[in-house]
Amino acid sequence: MSTPRSGLRRRILLGLLGYVIVLTVAVILHGILVNEHAEQLVWQGLLDAELDHIVELSQKDPDYRWVDTSNIALFDGRNPADIPPALRSLGAGVYDEVMLDGVERVVLVREVEGRPIMLALDITALERREFDMGLTVVGSAVTMVVLLGIAIAWSVNRLVRPLSNVAHDIARLQPDQPGQRIVVPDSASAELVVIADALNDYLQRNDRFVERERTFIDSASHELRTPIAVIAGASEIALQQADVPAGARGQLN
């Protein structure tokens with residue numbers, strides 16, 4: 001039992017769809033990586049500027065005290081007990097997605113005069129917007145893949161249709177009819193023209209072969225007709241002779 005083979009249309013379609021899906025996933029992953037890097041730079045620039053401003057005010061006015069807002073909280077390391085346990089192990093730098101009191105924050109840690117100062121920014125609303133934007137991007141990507149799949153399917157059908165038409169024309173060829181040829185449209189590809197020309201050349205050579213065989217058979221039958229007629233006539237004359245033995249007559253009959 002032979003293994004069923006997949007069609008050319010299906011192979012091309014699956015190959016192009018696979019390429020589109022891989023390319024889409026690669027673009028999305030690249031976008032995520034670029035977004036994370038850009039986000040890190042934005043957080044660092046924003047918190048650095050805010051912390052520089054706080055440090056500058058503290059240096060100008062020793063009595064200055066920062067007041068936490070709804071989005072930004074400051075933790076001074078003069079008293080280690082004032083630093084939340086989730087932040088005590090952090091070294092200098094910027095840390096994303098730090099959970100503090102059940103809230104996701106970005107934390108900037110800096111050493112100032114030998115003590116750590118931490119500035120924590122609430123990014124819950126921003127993360128929610130980023131998640132919504134991610135869903136939008138994924139939905140757009142899926143829509144694009146579907147639309148490209150429809151366009152690819154239409155293009156593949158249009159590409160393979162001339163080959164299917166040629167296969168249909170080949171199936172309609174009759175072995176007892178000479179002069180049959182495969183005709184391809186002017187818009188056919190060069191590869192399809194090569195196939196049609198090769199098949200037409202074969203049909204032409206087959207017509208010549210059949211014609212030679214027919215000529216040979218006609219000539220042979222004509223050449224054999226006279227000797228057979230002579231033999232048949234001689235046999236009839238021999239049978240009419242009275243002196244022919246009965247056993248010879250039986251062999252002639």
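Helices (H or I, at least four residues) and strands (E, at least two) are DSSP runs, and they are numbered from the N terminus. The exercises below apply this to a predicted model.

**Exercise 1. Work out how many helices and strands the protein chain has, and in which pattern they follow one another.**

Solution. Counting the elements gives four helices and four strands in the protein chain. Reading along the sequence then gives the pattern α-β-β-β-β-α-α-α. As a next step, consider the overall form: the radius of gyration of the protein chain is 47 Å, whereas the globule rule gives 18 Å for 253 residues, so the chain is more spread out than a compact globule. The spans of the C-alpha trace along its principal axes are about 160 × 45 × 25 Å. Finally, turning to the surface, 20% of the 253 residues count as buried, and the accessible surface comes to about 18200 Å², with 61% of it belonging to carbon and sulfur atoms.

**Exercise 2. Decide which element of the protein chain has the lowest mean pLDDT and which has the highest.**

Solution. Begin with the chain as a whole, for which the mean pLDDT is 81, with 90% of the residues reaching 70 or more. Among the elements, the lowest mean value, 51, belongs to helix H4 (residues 246-252), and the highest, 87, belongs to strand S4 (residues 115-122). A caution follows for the reader: where pLDDT is low, the predicted coordinates should not be read in detail.

**Exercise 3. Find the place of Asp101, and determine whether Asp101 is buried or exposed.**

Solution. First locate the residue: Asp101 lies in the loop between S2 and strand S3 (103-112). Next compare its relative accessible area with the cut-off: the value is 73%, and exposed means over 50%, so Asp101 is exposed. Then look at the backbone, where Asp101 has a positive phi of about 60° although it is not a glycine. Glu97 can be treated in the same steps: its place is in strand S2 (residues 93-100), its relative accessible area of 48% makes it partly exposed, and its phi, near 60°, is a positive value in a residue other than glycine.

**Exercise 4. Determine whether Leu121 is buried or exposed, and list which residues it touches beyond four places in sequence.**

Solution. Leu121 is found in strand S4. Its relative accessibility is 8%, and because buried means under 20%, Leu121 counts as buried. Setting aside residues up to four places away in sequence, Leu121 touches Trp43, Leu46, Leu47, Asn71, Ile72, Glu104, Arg105 and Val106. One of these partners, Trp43, is 78 residues from Leu121 along the chain, and yet the two C-alpha atoms are separated by 8.7 Å.

**Exercise 5. Find where Arg181 is placed and what separation its C-alpha atom has from that of Ala120.**

Solution. The place of Arg181 is in the loop between helix H2 (124-171) and helix H3 (190-240). With a relative accessibility of 35%, Arg181 counts as partly exposed. Leaving aside neighbours within four places in sequence, Arg181 is in contact with Asn200, Leu203, Gln204 and Asp207. Ala120 is 61 residues from Arg181 along the chain, and their C-alpha atoms are separated by 81 Å. A further arginine, Arg65, is placed in the loop between helix H1 (8-60) and strand S1 (72-76), and it is exposed, with a relative accessible area of 60%.

Notes:
Residues numbered from 1 in each chain as written. Predicted model: local features only at pLDDT ≥ 70, side-chain atom pairs only at ≥ 80, totals over all residues. Heavy atoms only, no water. pLDDT = per-residue confidence, 0-100. Rg over C-alpha atoms; globule rule 2.2 N^0.38 Å. Buried < 20%, exposed > 50% of the residue type's maximum accessible area, 1.4 Å probe, protein only. Areas by Shrake-Rupley, 256 points an atom, 1.4 Å probe, with all protein chains shown as cover. Contact = heavy atoms within 4.5 Å.
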